[in-house]
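Trainee: I have a chain on the screen and would like to go through it step by step. Where should we begin?

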Amino acid sequence: MSRLADVDLSVRLKKKEAAEQLADAQQRLVHLRLLLGGQIGSGELGPPLCVLFEGWDASGKGGAIKRLVEQLDPRHVRVAQFAAPTHDEKRHHFLWRFWPVLPGWGGMAVLDRTWYGRVLVERVEGFATAEQWQRAYGEIVDLETTLAAEGTVLVKFWMHVSPEEQLHRFESRREDPYRAWKLTDEDWRNREQRGAYEAAVEEMLERTDTDAGRWHVVAADDKRWARVEVVRTVCTAVEAALRTHGVDPDAPLPGA
């Protein structure tokens, strides 16, 4: 069964409807984030929240991350981007470079590209040996299981767009001098290998979708729909985590 093929990419939101729904979801996230950080409620720190973003090139990861964090106090959330590992980072285990950005209790981190690069681009492009990327599934699941056991709430997104929509966005970027920098020769090469990447994504979804961290495959042909879905999904995950720790996310606040 193909999880990517099962995604309904036809979902759409009109501009006004999307703006209203996004504003509501963002306001809800502000409330939940303040609860996690101990700024409201009992004052106790809530569990760490770590949101992971993967997806096709031009799938809207950056736009979704912007909407996820734009209403939050920047002191209370860290956004980290990961590109190809540096020469020094390659001297260490591939998971080593991610540890410093992981959130502690009361904290929130958003990762734009993640440790899943090992079983995606490094696999397809041959930057990791077959033994390395095959071993990585277990190493990643072990990491996420450990983080979850310590209380971390992991929310994992794969932003999914059709080849047609991706091509449209590539061409739009190419024609816009203020966005052309986003489009690289590597993006075009990756597009030519979509079949290999789809196989890698499907295996990743199958082998790393666990109780410690479930995958959310987001239909992203419509950016408005995708952005609302991302914020709502994070809210739902935080609500469930708070209840698990005995915190009512809707309890009346002192002085309210």
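Mentor: Begin with the outside, and keep in mind that this is a predicted model. The accessible surface of the chain comes to about 13,200 Å². Carbon and sulfur atoms hold 51% of that surface.

Trainee: What share of the 256 residues in the chain is buried?

Mentor: A residue is called buried when its relative accessible area is under 20%. Of the 256 residues in the chain, the buried ones make up 50%.

Trainee: How many helices and strands does the chain have, and in which pattern do they follow one another?

Mentor: The secondary structure comes to eight helices and five strands. Along the sequence, the pattern is α-β-α-β-β-α-α-β-α-α-α-β-α.

Trainee: What radius of gyration does the chain have, and what does the globule rule give for 256 residues?

Mentor: The globule rule gives 18 Å for 256 residues, and the radius of gyration of the chain is close to that, so the chain is as compact as a globular protein of that length. The C-alpha atoms fill a box of roughly 60 × 45 × 35 Å along the principal axes. The radius of gyration itself is 19 Å.

Trainee: Among contacts with a separation of 6 or more, what percentage joins residues 24 or more positions apart?

Mentor: A contact here needs heavy atoms within 4.5 Å. Of the contacts in the chain with a separation of 6 or more, the part from residues 24 or more positions apart is 77%.

Trainee: How far apart do the centres of the positive and negative side chains lie?

Mentor: There are 35 positive and 41 negative side chains in the chain. The distance between the centres of the two sets is 4 Å.

Trainee: What distance separates the end C-alpha atoms of helix α1?

Mentor: Helix α1 covers residues 15-36, which is 22 residues. At 1.5 Å a residue the helix should span 32 Å, and the model agrees with this. The end C-alpha atoms of α1 are separated by 31 Å.

Trainee: Which elements cover the buried residues of α1?

Mentor: The buried residues of α1 include A18, L22, A25, L29 and L36. Polar and charged names are on the list as well, among them Q21, Q26, H31 and R33. The cover over the buried residues of α1 includes β1 (49-55), α2 (61-69), β3 (108-112) and α8 (223-244).

Trainee: Which residue with a positive phi follows α1?

Mentor: Its phi is near 75°. The residue is G38.

Trainee: Which residue in the loop between β1 and α2 is buried, although it has a positive phi and is not a glycine?

Mentor: Most residues other than glycine have a negative phi. The residue in question has a positive phi of about 65° and sits in the loop between β1 and α2. Its relative accessible area is 7%, which makes it buried. It is A58.

Trainee: Is R113 buried or partly exposed?

Mentor: R113 is found in the loop between β3 and α3 (121-124). R113 is not a glycine, yet its phi is positive, about 75°. With a relative accessible area of 25%, R113 is partly exposed.

Trainee: Which residues does R12 contact, leaving aside neighbours within four places in sequence?

Mentor: R12 is found in the segment before α1, and its relative accessible area of 47% makes R12 partly exposed. R12 and R232 are 220 residues apart in sequence and 16 Å apart in space, C-alpha to C-alpha. With those neighbours left aside, R12 is in contact with D221, D222 and W225.

Trainee: How far apart in space are Q71 and V30, C-alpha to C-alpha?

Mentor: Q71 lies in the loop between α2 and β2 and is partly exposed, with a relative accessible area of 48%. Not counting residues up to four places away in sequence, Q71 touches Q26 and V30. Q71 and V30 are 41 residues apart in sequence, and their distance in space, C-alpha to C-alpha, is 6.8 Å.

Trainee: What does E89 contact, leaving aside its neighbours within four places in sequence?

Mentor: E89 lies in the loop between β2 (78-81) and β3. The C-alpha atoms of E89 and A64 are 28 Å apart, with their positions 25 residues apart along the chain. Leaving those neighbours aside, E89 is in contact with A84, W96 and R97.

How values were computed. Residues are numbered from 1 along each chain as its sequence is written. This is a predicted model: local features need pLDDT of at least 70, side-chain atom pairs count only at pLDDT 80 or more; totals for chains, interfaces and linings use all residues. Side-chain values use heavy atoms; hydrogens and water are left out. Helices (H or I, at least four residues) and strands (E, at least two) are DSSP runs, numbered from the N terminus. The expected span of a helix is 1.5 Å times one less than its number of residues. Buried means under 20% relative accessible area, exposed over 50%, partly exposed in between (1.4 Å probe, protein chains only). The radius of gyration is taken over C-alpha atoms; the globule rule is 2.2 Å times the number of residues to the power 0.38. Accessible areas come from the Shrake-Rupley method with a 1.4 Å probe; for residues, only the protein chains shown count as cover. Lys and Arg count as positive and Asp and Glu as negative; His and the chain ends are not counted. The place of a charge is taken as NZ of Lys, CZ of Arg, CG of Asp or CD of Glu.
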